[in-house]
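These are my notes from a session with one model. I looked up a handful of residues, the ligand site and some charge pairs.

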Amino acid sequence: MNRSVSAPLPAPRLGEPYLLTPGPLTTAYEVKEAMLRDWGSWDADFRAMTKAVCDRLLALAGDTAGDYACVPMQGSGSFSVEAMLGTFVPWDGKVLVLANGAYGLRAAETMKYLARGYTLIDKGDYMPPRGDEVAAALDADPDITHVIAIHCETSSGILNPVAEISEAVYAAGRKLLIDSMSAFGALPLNVNEIRYEAMVSSANKCIEGVPGFGFVVARKAELAAAKGNSHSLALDLNAQWAYMEKTGQWRYTPPTHVVAAFLKALELHAEEGGVAGRGARYARNRDVMVEGMRGLGFETLLKDRWLSPIIVTFFCPADPKFDFAVFYEKMKAKGFIIYPGKLTVVDSFRIGCIGRMDEHVMRKVVKAAGEALSEMGVTSAAPPAAALAERAKLAA
Ligand SMILES: *Cc1c(COP(=O)(O)O)cnc(C)c1O
């Protein structure tokens, strides 16, 4: 990518380490500052803030026709995933869960708790579920009513092919739900380009807010038809939506400060050029960081075509002097909190590209990693042969 280098973003003001993690992540000072005042949840000023947040999110989803609604939900992202599944899947429905990592498996586990029918395509640690497999599974099981796909599977960092999945789902006359938690706001998920009934994301991912709520963007007709489906009083999106439509308020206590911070985060997102601008910064973060880490001898789990601009998985070096716990502490002492890996087959770690940081920071991350390796006496960052054999299974 041939982009001119922009002026560095300001460093965290309290000198705290950068969070190279997929949320909570490093936020702008202005976002934290927006939490300094208190709001009455019923007050018109706070209601206006909630409306502004929802309007902006619908605009990011490309809803120009007014066919979609945005329903925020208290709690972490998983609360919103559970709310989405419990609200839209009727008791006699059946979900095809597409899993290639921890979040897909969590969706399957959620279905178990919901005691509703589901079937699972489990591709293991990172292999992508493809459109033709989805088509075959739907063809084989006419009871399936819904499919849930993970947009960016944060446990490996893979960008799943949601467009081809959507085509397969609607060609078979079924409905698609998307967990776009770690992608929405940085990767396009426009309702005019990719068909889906509902998608879910949360405050503390690519919009760069602080944790405290999630939100579901859903077709209004689906929301209206979902009355009475929910297994849960508090997680009923139909009820939250209906109450908000009527009163402008959240049904139960909203995370007021978090909403104020999120509105500020959305303003900064717009200033940066919206989804395209945010996505470009993250892609640049990834490119600079991956190139630098490869220069040190590290290898990525995924081939370039599957690497998301959200988070990248690296194999741990084979060198016996490498110890992830020590590497982690050294990186932290140098100002960077990294993230352990989640692969079951080989040792790995992850470095996030999202949050209030840019390529200047990523260069420092690479420098810190190089220093940490030499301090540990690691002479080669090359992964074990087993790791490369694993990666060879993935198509380019
Ligand atoms: C972060 C994330 C979630 C939600 O996780 P919480 O810890 O509940 O916020 C769900 N799906 C994906 C893909 C995620 O990245």
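I take helices as DSSP runs of H or I with at least four residues, numbered from the N terminus. The model is predicted, and I read every entry below with that in mind.

**Entry 1, V162.** I placed V162 in helix α6, which covers residues 162-171. Is V162 buried or exposed? I count V162 as buried, because its relative accessibility is 5% and the cut-off for buried is under 20%. Leaving out residues up to four places away in sequence, I found V162 touching I150, H151, L189 and I194. I also checked V162 against L9, 153 residues away along the chain, and got a C-alpha separation of 32 Å.

**Entry 2, ligand site.** Which residues surround the ligand? I listed S76, G77, S78, Y103, R106, I150, C152, T154, D179, M181, S182 and K205. I150 is thus on the ligand list and is also touched by V162. I then looked at polar atoms. S76 has a polar side-chain atom 2.5 Å from a ligand oxygen, and G77 has a polar backbone atom 3.0 Å from an oxygen atom of the ligand. On D179, a polar side-chain atom sits 2.7 Å from a ligand nitrogen. The ligand on its own has 380 Å² of accessible area, and the protein covers 87% of that.

**Entry 3, R251.** I found R251 in the loop between α8 (237-247) and α9 (256-271). R251 is buried but has no salt bridge. How far away is the nearest side chain of opposite charge? That side chain is D236, at 5.6 Å, and a salt bridge needs the nitrogen within 4 Å of the carboxyl oxygen. I did find other partners for the R251 side chain: one of its polar atoms is 2.6 Å from the backbone oxygen of L233, and it makes a polar contact with the side chain of Y252 at 3.3 Å. Beyond four places in sequence, the contacts of R251 include A234, L235, A239, Q240 and Y243.

**Entry 4, salt bridges.** Side chains of opposite charge can pair when their charged atoms come close. How many salt bridges does a search of the whole structure find? I noted 22, and looked at three of them.

- D141 pairs with K94, with the closest N and O atoms 2.7 Å apart. This pair links distant parts of the chain, 47 residues apart: D141 is in the loop between α5 (131-140) and β5 (146-150), and K94 is in strand β3 (residues 94-99). I count D141 as buried because its relative accessibility is 16%, and K94 as partly exposed because its value is 21%.
- R278 pairs with E272 at 2.8 Å, N to O. R278 is buried at 0% relative accessible area, whereas E272 is partly exposed at 23%.
- K367 pairs with E371, closest N and O atoms 3.2 Å apart. They are 4 residues apart in helix α12 (residues 359-376), so about one helical turn separates them. K367 is exposed at 56% and E371 is partly exposed at 31%. Both belong to a salt-bridge network with K330, K334 and E375.

**Entry 5, R294.** I located R294 in helix α10, residues 274-295. R294 counts as partly exposed, because its relative accessibility is 33%. Setting aside neighbours within four places in sequence, I found R294 in contact with T300, L302, D304 and L307. From R294 to M181 I noted 28 Å between C-alpha atoms, with their positions 113 residues apart in sequence.

Terms used
Residues are numbered from 1 along each chain as its sequence is written. This is a predicted model: local features need pLDDT of at least 70, side-chain atom pairs count only at pLDDT 80 or more; totals for chains, interfaces and linings use all residues. Side-chain values use heavy atoms; hydrogens and water are left out. Helices (H or I, at least four residues) and strands (E, at least two) are DSSP runs, numbered from the N terminus. Buried means under 20% relative accessible area, exposed over 50%, partly exposed in between (1.4 Å probe, protein chains only). Lys and Arg count as positive and Asp and Glu as negative; His and the chain ends are not counted. A polar contact is a pair of N or O atoms within 3.5 Å; within protein, one must be able to donate a hydrogen and the other to accept it, and residues adjacent in sequence count only if both atoms are side-chain atoms. Contact means heavy atoms within 4.5 Å. A residue is near a molecule or strand if one of its heavy atoms lies within 4 Å of it. Accessible areas come from the Shrake-Rupley method with a 1.4 Å probe; for residues, only the protein chains shown count as cover.
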